[in-house]
Amino acid sequence: MTPSMANPALASASTGATGTLATPHAVLSRRLQGLAPSPTISWSARAKALARQGANVLDLTLGEPDFDTFPHVKAAAEKAIRDGKTKYTPAGGVPELKQAVCDKFSRENNVEYRPEEIVVCVGGKQALYNVMLALCDPGDEVLVPVPTWPTFAEQIAFVGAVPVHVPLAPDHRLRASDLEGHLTPRTRAVILNSPSNPTGAVMRPEDVRRVTELAISRGIYVVSDETYEHFLYGEAQHLTPAALGPQAKAWTIEVNTVSKTYAMTGWRIGYLAARPEIVSAVDGLMSQTTSNACSIAQWAAIAALSGPQDSVREMVGAFAQRRQRFIDGLHALGFDCAWPDGAFYAYVRVPQAEGGGAGDSTAFATRLMEEGHMATVPGSAFFDEGSLRISYAASQAVLDEALERLRPFAP
Ligand SMILES: Cc1ncc(COP(=O)(O)O)c(C=O)c1O
């Protein structure tokens, strides 16, 4: 007798019948029922589906440099394979990579960390998720300046905490005064993402200082996602909050990734730096969930962080030229788009609807996709209905073509 014959509930499930199940559970947990998948990834998937039907689609959705991973980084991965670095590593990363991360913080951000203050994770996304799990109890509040990258809010909610939206001024730069009215006894952390995805805005150093001072005075953490720190244009300056002194370092959790800076989105290496209690908790969490990030990718990341940095400068230089030409092109067409000081996104106002009403970003992105065969991400994904994000991390030829396709949709 098979188990399903002995148990009628198993029998109906195994035959696909929809009779009453023995338990009151839905197919999915409540937690997963409430999770909204990444809208940037889903708009990109729509573009790919349209392309599979034969359309020539320009995909400007994802924040992914079109550059290939640099040759010396690939060579380090090949060597790691040849050297048999193909086994489990410590859950929080190999000591050599932790040291390379410490050296990077010292060299680039003027803050000294020790290896026991670093955890290597499966991309910046997992680092952020681990931080939320480490910091938040159900009902805790985390301040999220909006417009925001949707993953912040979704991860906060997923761990049972509450993402509290903090609307930004039209220049999209966070100031301490924006936070004041949103602080409560349940506030646990504030998210900083400078340069910002989606807006490209860069916080002024004095604002980073004031926000960090406010956080210290209230005993809340600054979670500083510095994924785009190298993508800076013009006079913009990047300041790492942890560099502001010992108290600032204690109350800051730095999150970063090699994904964008080194054109390594597929390798899945990110990292965080925090006080040792948080690091050891996240290390334990990794040991019970993913275990280590890919060993080969870790050795590649060491080469990326410790090797020559001229390829990064070349890539950022190329992005600066594309930014200039693309935003100029948008302005020439009549689109309203502020000059982004960092990252690689144009954040465009959706043209007003006929009759003068506010533009509807989802409707506009849908028209661009269906009529213009051009994929973008509507501002609705970033809690900002009136805007549209266009990634200019694409070749010049693609961006020139994108401007042509935008022409019929210009205001
Ligand atoms: C603001 C921000 N943080 C983190 C990440 C995650 O990067 P990773 O690919 O390393 O997970 C991204 C990627 O789009 C991002 O835009």
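**Close-up views of a predicted model**

**View 1. The ligand shell is mostly polar by count: one nonpolar, 10 polar and two charged residues.** The model shown here is predicted. In it, 13 residues surround the ligand. The closest are G123, G124, K125, T257 and S259. Helix α7, spanning residues 123-135, gives the most to this shell. Its contribution is three residues.

**View 2. Seven strands form an open sheet.** The strand order is β2-β8-β7-β6-β5-β3-β4. Pairing within the sheet is mixed. Strands β2 (118-121) and β4 (162-167) lie at the edges, and each pairs on one side only. On average, neighbouring strands are turned by 20° against each other, direction ignored.

**View 3. Strands β3 and β5 run parallel.** Strand β3 covers residues 141-146, and strand β5 covers residues 187-192. Three bridges join the two strands. L143 has V190 of β5 as its bridge partner.

**View 4. Helix α6 packs on the sheet.** This helix comprises residues 95-109. Helix α6 touches β2 and β8 (270-273). The direction of helix α6 makes about 115° with that of β2.

**View 5. Confidence varies along the protein, with a mean pLDDT of 93.** A pLDDT of 70 or more is reached by 93% of the residues. Over residues 1-5 the pLDDT is below 50. That stretch has six contacts in the model beyond near neighbours in sequence. Residues 13-18 also stay under 50. For residues 13-18 the model has three contacts beyond four places in sequence. Where pLDDT is low, predicted coordinates should not be read in detail.

How values were computed. Residues numbered from 1 in each chain as written. Predicted model: local features only at pLDDT ≥ 70, side-chain atom pairs only at ≥ 80, totals over all residues. pLDDT = per-residue confidence, 0-100. Contact = placed C-beta atoms within 7 Å. Near = placed C-beta within 6 Å. Helix = DSSP H or I, 4+ residues; strand = E, 2+ residues; numbered from the N terminus. Nonpolar A, V, L, I, M, F, W, Y, C, P; charged D, E, K, R; others polar. Pairing = 2+ DSSP bridges. Axes fitted to C-alpha atoms, helices over the stretch in contact; angles between N-to-C directions.
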